[in-house]
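Please have the sequence and the model open side by side, and let us walk through them together. We will take it one region at a time.

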Amino acid sequence: MPEVTFVWRSEYGWPLDSVSDNVSTFGYEPDDFLVYGLSYEDIIHPADLEKVRKVLREYSGNPGEDLVQEYRILNADGDARWVRENTQIIYDEDGLMQCLRAKIVDINDEKKHDDFMFIQDELGSHLSWPVNLEDSMDVLLELTTQLNAIDICALYVVDEVTGGLVLVNHKGLSSEFVNSVSYFDADSSQVNFAKKGFPVYKHYSEIYPFITGPVMQDEGLQGTAIIPVHHEHHFVGLLIASSSSEFIIPEGDRDSLEVIKSLAGLMIRNMTMSVMNDGMHYSMA
């Protein structure tokens, strides 16, 4: 990934001296910072900002080797991305501090892989990430149903030709239920809602019209999550996860589902490219 460089002058208030043009990687332009007053702290994820400030204060007070830290920033569209910052103090010929130079690299995909491995360890799972895409879907659903409360799930992929949602894999659902939810048209309420990108956690009885339409099928579903899947700002699929025992999806499982959602985005995007290259359509599960 390209390095995005920020340089701050060693003056009161640490004014920004320059930012590289490839800050467009994150949806910004140099003038956003140099002319219109956007500060770098403005784009650091609020949950990480205080930690970043603390580490920088400690480094400035006792500089040694280059400072390296990882945290999240927000793209111009509000999407959070993990970055690795390498910060260096630059001195002039007299040994006085001249400026602070930070090089920022996007490591979002790397973090997703690390999170996947972490979830595997937490679940006591020995699953590996296969190259075959069909096997990858099996692994993804197996990973999802190893969460504490979840034992039922379904994965949909956006058909690049029709724009609809195709059910490509599922676990724990009856064939009758699958037949009623195997495909959602591009102009359906399901697709229109999912494109907005907001996950929903409800009891199945509150959201069944969204999934099955007017007919409520008895699958023994309790707490249910409807999670739109995006990759690089593109809507690529939908993950539905449900419990047959818990009234609501617990918070811990929700956090894990957020990570699984990111993994699903990577997998679906790879699958989409493979299907497009082969000139085929998705087959329904």
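What follows is a tour of a sheet, a pocket, a cavity and two single residues. Keep in mind throughout that this is a predicted model.

Let us begin with the sheet. Five strands make up an open sheet, and their order across it is E2-E1-E5-E4-E3, with antiparallel pairing. At the edges sit strand E2 (16-19) and strand E3 (67-74), each of which pairs on one side only. On average, neighbouring strands of this sheet are turned by 25 degrees against each other, direction ignored. As a reminder, strands of a sheet pair through backbone hydrogen bonds, either parallel or antiparallel.

Now follow the pairings one by one. Strand E1 (residues 4-9) pairs with E5 over six bridges, in the antiparallel sense. Two places help to fix the register here: Val7 stands opposite Arg101 in E5, and Trp8 has Leu100 in E5 as its bridge partner. On to the pair of E4 and E5, which run antiparallel and are joined by nine bridges. Here Thr87 stands opposite Ala102 in E5. The hairpin of E4 and E5 has five residues between the strands, and in this hairpin Gly95 takes a positive phi near 85 degrees.

E3 and E4 also run antiparallel, and eight bridges join them. In this pair, Leu67 has Thr87 in E4 as its bridge partner. The hairpin of E3 and E4 has five residues between the strands too, and there Gly78 takes a positive phi near 90 degrees.

Which side chains of E3 are buried, and which are not? In a regular strand the side chains alternate between the two faces of the sheet. Along E3 you can see that alternation: Leu67, Gln69, Tyr71 and Ile73 point to one face and are buried, whereas Val68, Glu70, Arg72 and Leu74 point to the other face and are not. Before leaving the sheet, look for helix H3, which lies across E3, E4 and E5 and runs at about 155 degrees to E3.

H3 also leads us to the next stop, the second largest pocket. H3 supplies the largest share of the lining of this pocket, five residues. The volume of the second largest pocket is about 520 Å³. Its lining counts 20 residues, and those nearest its centre are Trp8, Trp14, Glu41, Leu56 and Leu100. The elements that give two or more residues to this lining are helix H2 (40-43), helix H3 (46-61), strand E4 (80-91) and strand E5 (97-106). You have met Trp8 and Leu100 already, as bridge partners; here both of them are among the residues nearest the centre of the pocket. By class, the lining of the second largest pocket divides into 12 nonpolar, four polar and four charged residues.

Next comes the enclosed space. Rolling a probe the size of a water molecule over the atoms shows where empty space is left. How many cavities of 30 Å³ or more does the structure hold? There is one. The volume of the largest cavity is about 80 Å³. It is lined by 14 residues, and the closest to its centre are Ala154, Leu173, Phe177, Leu221 and Ile240. Two or more residues of this lining come from each of strand E6 (152-158), helix H8 (204-212) and E11. E6 gives the most, with four residues. The lining of the largest cavity has 12 nonpolar and two polar residues, and no charged ones.

Let us finish with two single residues. Is Thr144, in helix H5 (residues 133-145), buried or exposed? Thr144 counts as buried because its relative accessibility is 0%. Leaving aside residues up to four places away in sequence, Thr144 touches Ile150, Cys153, Ala241, Leu257 and Ile260.

Ser245 is found in the loop between strand E11 (234-242) and helix H9 (251-278). With a relative accessibility of 55%, Ser245 counts as exposed. Again not counting residues up to four places away in sequence, Ser245 touches Ala149 and Gln222. Ser245 and Gln222 are 23 residues apart in sequence, and their C-alpha atoms are 6.5 Å apart in space.

Terms used
Residues are numbered from 1 along each chain as its sequence is written. This is a predicted model: local features need pLDDT of at least 70, side-chain atom pairs count only at pLDDT 80 or more; totals for chains, interfaces and linings use all residues. Side-chain values use heavy atoms; hydrogens and water are left out. On a 1 Å grid over the protein atoms alone, a cavity is a set of points where a 1.4 Å probe fits but cannot get out, and a pocket is an open set with protein on both sides within 12 Å along at least five of seven lines; lining residues have an atom within 4 Å of a point. Grid points are joined across faces, edges and corners, and a volume is the space filled by probe spheres set on the points. Ala, Val, Leu, Ile, Met, Phe, Trp, Tyr, Cys and Pro count as nonpolar, Asp, Glu, Lys and Arg as charged, and the others, Gly among them, as polar. Buried means under 20% relative accessible area, exposed over 50%, partly exposed in between (1.4 Å probe, protein chains only). Contact means heavy atoms within 4.5 Å. Two strands pair if DSSP finds at least two bridges between them. Axes are lines fitted to C-alpha atoms, for helices over the stretch in contact, and angles run from 0 to 180 degrees between N-to-C directions.
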